[in-house]
Amino acid sequence: SMQAAARHGIPFYVLDRPNPLSGEYVSGFVLEPEHTSFVGEYPIPVAHGMTVAELASMVQGEAMLPGLDSLDLRVVQMSGWERSMQWPETGLEWVPPSPNIPSFEAALVYPGACFVEATTASEGRGTREPFLTIGAPWGAHLAADLNGRELPGVRFDKVVFTPESIPGMSTRPKRLGESLEGIKYQIGDRRAFRPVETGVHLLHALLRAHAEQGREETGLIRERSMLRLAGTSRLAEMLEGRVEPEGVIASWREEVDAFLERRRPYLLYD
């Protein structure tokens with residue numbers, strides 16, 4: 001839309017909106033240009049901590065899309081929003097951006113739980129709480145494993161569920177009709193919770209449980225899908241290469257620090 005406006009000399013307005021996870025949480029690998037797709041267009045981390053107007057300004061200012069030099073970009077800023085605010089602090093009603101993000105809690109876990117979409121495990125589609133509910137035929141010990149890691153801000157309930165066809169949400173979910181065991185996220189401290197880091201631990205726990213069942217370790221992750229979701233091949237390669245979660249998380253810190261500096265001129269709020 002920005003490119004079309006620039007081509008035709010039309011001013012482009014962005015009516016800004018809150019980032020539900022706050023403007024402070026930034027985490028995950030920065031997308032590598034060779035893995036650009038409809039899922040990931042720009043060289044930004046999985047969680048970028050920007051508003052849509054800030055992102056639009058950065059896309060133009062950093063020439064992340066061609067043909068925007070002449071764009072007349074006009075931003076209508078929010079009133080009363082601060083970078084530290086998560087969605088509940090705004091007092092606004094939650095409007096699902098997707099049928100499978102029906103709540104703020106689902107949006108909060110999504111940046112890490114979405115990685116399960118690129119595996120043979122269920123990301124909870126076919127339940128009323130997708131992404132908060134994760135499971136697999138080999139998931140009986142997932143909750144115990146993850147709770148033993150004492151991850152900040154979250155505990156995991158052990159659950160058994162069967163994905164079903166739900167009109168308007170997911171009519172053909174993965175593992176439809178199978179009885180699965182797994183976990184349900186219980187967010188105790190949403191400020192302390194780290195969704196992308198937790199997602200890496202979740203993938204690690206799924207791989208370990210998968211291997212303990214005598215299954216091929218390389219049979220869990222669908223690498224092409226993971227490339228798109230993570231923006232890099234490194235996530236799958238490191239986990240399948242038995243790198244511990246903290247090693248994976250440490251590996252993106254330099255590129256996240258560089259991104260934080262790069263985005264600084266485009267931030268509109270304190």
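**View 1. Ser170, a buried loop residue.** Ser170 has a relative accessible area of 9%, so it counts as buried (under 20% relative accessible area, with over 50% called exposed and anything in between partly exposed; 1.4 Å probe, protein chains only). The model is a predicted one, where local features need pLDDT of at least 70 and side-chain atom pairs pLDDT 80 or more, while totals for chains, interfaces and linings use all residues. Residues are numbered from 1 along each chain as its sequence is written, and side-chain values use heavy atoms, with hydrogens and water left out. Ser170 sits in the loop that runs between strand E6 (154-161) and strand E7 (helices, H or I, of at least four residues and strands, E, of at least two are DSSP runs, numbered from the N terminus). What does Ser170 touch once its neighbours within four places in sequence are set aside? Its contacts are Asn100, Arg125, Gly126, Glu164 and Ser165 (contact means heavy atoms within 4.5 Å).

**View 2. E7 with its partners E5 and E6.** Strand E7 covers residues 180-187 and runs antiparallel to E5, with 4 bridges joining the two (strands pair if DSSP finds at least two bridges between them). On the E6 side, E7 is again antiparallel, and here 8 bridges do the joining. To find your way around the pairings, look for Ile134 opposite Ile183 in E7, and for Val160 opposite Glu181, also in E7. E5 itself spans residues 133-136. Which way do its residues point? Thr133 and Gly135 go one way, Ile134 and Ala136 go the other, and all of them are buried. That's the textbook pattern: side chains in a regular strand alternate between the two faces of the sheet.

**View 3. Helix H4, mostly under cover.** H4 takes in residues 104-113, and 8 of its 10 residues are buried. The buried set is Phe104, Ala106, Ala107, Leu108, Val109, Pro111, Gly112 and Ala113. What do these buried residues pack against? On the strand side, their partners are E3 (45-47), E5 and E7; on the helix side, they are H3 (87-90) and H6 (195-212).

**View 4. Aromatic pairs.** Searching the whole structure turns up 7 aromatic pairs (rings of Phe, Tyr and Trp, the last by its six-membered ring, pair if their centres lie within 6.5 Å; planes under 30 degrees apart are stacked, over 60 edge-to-face and the rest tilted). Tyr110 and Phe131 make one of them: their ring centres are 4.9 Å apart and their planes meet at 85 degrees, so the pair is edge-to-face. This pair links distant parts of the chain, with Tyr110 in helix H4 and Phe131 in the loop between H4 and E5, 21 residues apart. Tyr110 is partly exposed, its relative accessible area being 30%, whereas Phe131 is buried at 0%. Another pair brings together Tyr185 and Phe193, edge-to-face because the planes are at 85 degrees, with centres 6.1 Å apart. Are these two buried or exposed? Tyr185 is buried, with a relative accessible area of 2%, and Phe193 is buried too, at 3%. Ring pairs also tie Trp87, Trp94 and Phe104 into a cluster.

**View 5. Two loop residues with positive phi.** As background for your Ramachandran plot, most residues other than glycine have a negative phi. Ser22 isn't a glycine, yet its phi is positive, about 95 degrees. Look for Ser22 in the loop between E1 and strand E2 (27-30). With 5% relative accessibility, Ser22 counts as buried. Ala63 also has a positive phi, near 50 degrees, without being a glycine. Its place is the loop between helix H2 (52-61) and strand E4 (73-76). Unlike a buried residue, Ala63 is exposed, at 57% relative accessible area.

**View 6. Asp69 and Gln3.** Asp69 belongs to the loop between H2 and E4. Its relative accessibility is 81%, so Asp69 counts as exposed. How far apart are the C-alpha atoms of Asp69 and Gln3? They are separated by 9.5 Å, while along the chain the two are 66 residues apart.
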